[in-house]
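Colleague: I'd like a close look at a single part of this one, the cysteines. Could you walk me through them?

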Amino acid sequence: MLDEGTDSKARAAAVRWARWRLGPLGFADLITRVDTSVLRYGRLVTRYAVRTGTWAEEAYAGGANTARHSRSTPPVSLDTLDLWSASPEALAEQSSHLAACRDCHGAGQVTCPTCRGSLRASCSGCGGSGRRMSRARKSYRMVNCSECRGNGTKKCVRCTKGLVGCRPCRGSGTLRRWLKVATVERTQVRAWPDPKALSAHKGLLEDSKRAIQWPGARALTSVEHTGLLPDSALDEEARSAGFIAVRPSLEPGFEPLRGKILSQSLDVFEAPSATVCFEFASRPGFIHLLGRDLRPTQARDTSAFHRRVGALMGVAMAGFFAMPFLASTFTGRHAFYKDPEQSGFAMLAILGLWPGTWWWAATALRRRRVGGAKSPARWHDRIGIGLTGLCALVLAGCFLFIRPSVPELVRLTAEGQLREAELHADLLEADGESSPEYIEARNTFVLARIRGMDNRDAVKLIRHYVGSGKGTGPLEAECVKLREAWARSALERGEEEPVEAELAALSAERAPSSVMDGLRATLEDLRIAKGKAALEKGEFASAIQFLKRVQAPALASERPEPLLARAYLRQEHACPARDVRCRATALHHAVAVDPGEASRTALASFRTAELTRLARAAHTSNAPGPALRELHAADEDATALLSILEGDAELTTARSLLLGRREELLRDRVPLGEPLEVAQALLGPSGLEMQRSDVFRVVDAPAGTLTYLFVGQGTTRGLYVTTPDHGQAGLSPASLQVAAKRFAGQEFSAKDLMHAGKGVAHVPVRLGRHAALLGWHDDTLVEAQIGRVEP
């Protein structure tokens, strides 16, 4: 079947195969040899069936506990039984027998899964705890479960004496078992000598007729036989193809008593074949071809292709990440290099390095042979190294020779191309250029650049170039003029903060004192004018704010102190009559700013009036409630005055008299039965928390208690004491005695705190002049009511 052109056809088929596998250019030059031959091969199609046997079982309906009298062993052994000896129905009939149930061991009953044979099941009402939640008197508590009476278990209703019927055998104790046989048919297709080398033969490894109709090969013989194919049915073609030697590897594997061959079909073919060997990327390889048109098969060694693809993918990924890095390295040096005219060549060179390096690597891999030898170079092998070298030279030139220059800066400034000139000047300044030519060109550029710019932008540009301090005198003088003009415009608009910022900047830049003093004097006059205008409008707080911001009174045309003192005095007249702190603060500031006769007289008059009022409050003869309110207000005023007029001996004495009078009023008093002011004074300013208009909760109550004071017509009428967990925890008698002593001044007698009874009861007792009720639950004290306690 071979002809004279088989070798050239094999080479052409290998080149086509390599092209579709992204192979290297000139793959025909990499082929080392071609081995052609006529290959005889074949396939064996085996159809077989496999039977599996399992024991099936069901409950025996012949009578209860039959297995105790008729237990028997299986009539057949599944391990030694030939499942093809009879039909599945006959095998089921032959193997049918009775056996004891494995779950109940033939008894027909098993232990109850609910009670585990104890006859007591967990109570569903309480979950087995014996306790459940119950509500009584608007509170919740735990009580015994009514279904199980607190035991947690109750009688099991699902079993009889702890036993229930067995479910698998339905209470009979006996199962009927028989052999259940299942049959599965399969088809196996095997080919020889090498399935990979025969993969081009369509339908060869399928159970179809396409293999015989394939035009690439010639069918020599085809034999089909029911059951196992005997050796006598084989012809000379099958024997010469080596079928007998490889037949054991083509037969299906199954257990002797379980499987059975139904039929076998043998096909033998003959086709031209070729093995094309090649070398590249330092590795040898081959591709096997089959058929008249020499189609590639799966019998191949393409590790060299994989190595080449992996290397090229690595080069491509490295170039993908290297391109942005190189571009940022070039343009990141300075804004000068981001200009399109300067960076265009560099970007093109960086862009060309990627395909050039990739092509160079592909060429190097194609030319490398086994043993270090190289195949002859072709014209396209020089593209990669040429492109890479050219781009590398261009990129190096861009790094080395693209630089700014002073003549270019002078030219661009003269032509009015100030944006491009700024890039040159900026980079020359960053490189530390200090030649006289550069300084003159830079100053000329900056003075030209700031024309038409915003004032702030112009100052920022000048500050960028005066940092070196070399020949920057004209620039600094221009910067002072710009700042002064900006400050003057801000003063005309009445803005103070921009002027202060400019003064701070001028001070840091060591501007002439005449410029700074002139701006400062104008600013202080503006503040004084704002203060006088606010004072005339009656806006005393604004006037004080404006006048206090004056920092250099000597430079102002008018002294701000008299105006500020007058503003404080007028503010004192505007304060509410009872706002002692506001009035004292205003007068104190007025005296501190301008200690004139008007300020001192106003402060002395105010102080004398307040001392008289405090003395009158200290000798009040009102009832305890109003007296305590008056003393409290007077004490607050005295404290405020002392915080402002520190060290005033007369005010300190007046406050001591107020505190003494307060102690005198509270002596031998208790919170219960007194005006509310007495209770508030005894318990502290934060001792009571209002719940509603007639009920106050005691914040600092005795430990373990919740205490409430009931008020009626301004007088504390009753006291209610209980626990935070009312209805669930008892009230401690010791805590109750502490509360009674603290709020009523007396304690309960020992017999009052003893109680024996059942259920809920409220026992009346006496606590001095107060009637009381003690709440009991059985023998546990729950609450106490002293005096009038309304629900």
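Which handedness does the link of Cys 575 and Cys 582 have?

Modeller: Keep in mind that this is a predicted model. The link of Cys 575 and Cys 582 is left-handed, with -50° about the S-S bond. The sulfur atoms of Cys 575 and Cys 582 sit 1.9 Å apart, and theirs is the one disulfide that the structure holds. As a reminder, a disulfide is a covalent bond between the sulfur atoms of two cysteines.

The two partners aren't equally covered. Cys 575 counts as buried because its relative accessibility is 11%, under the 20% cut-off. Cys 582 has a relative accessible area of 26%, so Cys 582 is partly exposed. Then there's Cys 115, which is in no disulfide. The nearest cysteine sulfur to Cys 115 belongs to Cys 159, 3.6 Å away, whereas a disulfide needs the sulfurs within 2.5 Å. Cys 115 is buried too, because its relative accessible area is 4%. Cys 277 also counts as buried, at 10% relative accessibility.

Cys 277 takes us over to helix α1, since residue 277 falls within β11 (259-280), one of the elements that the buried residues of α1 pack against. The others are β1 (31-59), β12 (283-290), β13 (295-301) and α7 (303-331). On the α1 side, the buried residues are Thr 6, Ala 10, Ala 13, Ala 14, Trp 17 and Ala 18. They cover an arc of only 135° around the axis, so they end up on the same side of α1. The helix length checks out as well: α1 has 15 residues (6-20), which at 1.5 Å a residue should span 21 Å, and its end C-alpha atoms are indeed 21 Å apart. Just after α1, Leu 22 takes a positive phi of about 55°.

From α7 you can go on to the UniProt annotation "transmembrane region", which comes from an unreviewed entry and covers residues 309-331, 343-362 and 383-402. In the model, residues 309-331 are 100% helix, with end C-alpha atoms 33 Å apart. Residues 343-362 are 100% helix as well, and their end C-alpha atoms lie 29 Å apart.

How far to trust all this? The chain averages a pLDDT of 88, and 98% of the residues score at least 70. The stretch to watch is residues 64-69, where pLDDT stays under 50. The model does have 16 contacts beyond four places in sequence for residues 64-69, but where pLDDT is low, the predicted coordinates should not be read in detail.

Terms used:
Residues numbered from 1 in each chain as written. Predicted model: local features only at pLDDT ≥ 70, side-chain atom pairs only at ≥ 80, totals over all residues. Heavy atoms only, no water. Helix = DSSP H or I, 4+ residues; strand = E, 2+ residues; numbered from the N terminus. Expected span 1.5 Å × (residues − 1). Buried < 20%, exposed > 50% of the residue type's maximum accessible area, 1.4 Å probe, protein only. Arc of directions from axis to C-beta. Contact = heavy atoms within 4.5 Å. UniProt positions renumbered as here; feature names shortened; annotations may be inferred. pLDDT = per-residue confidence, 0-100.
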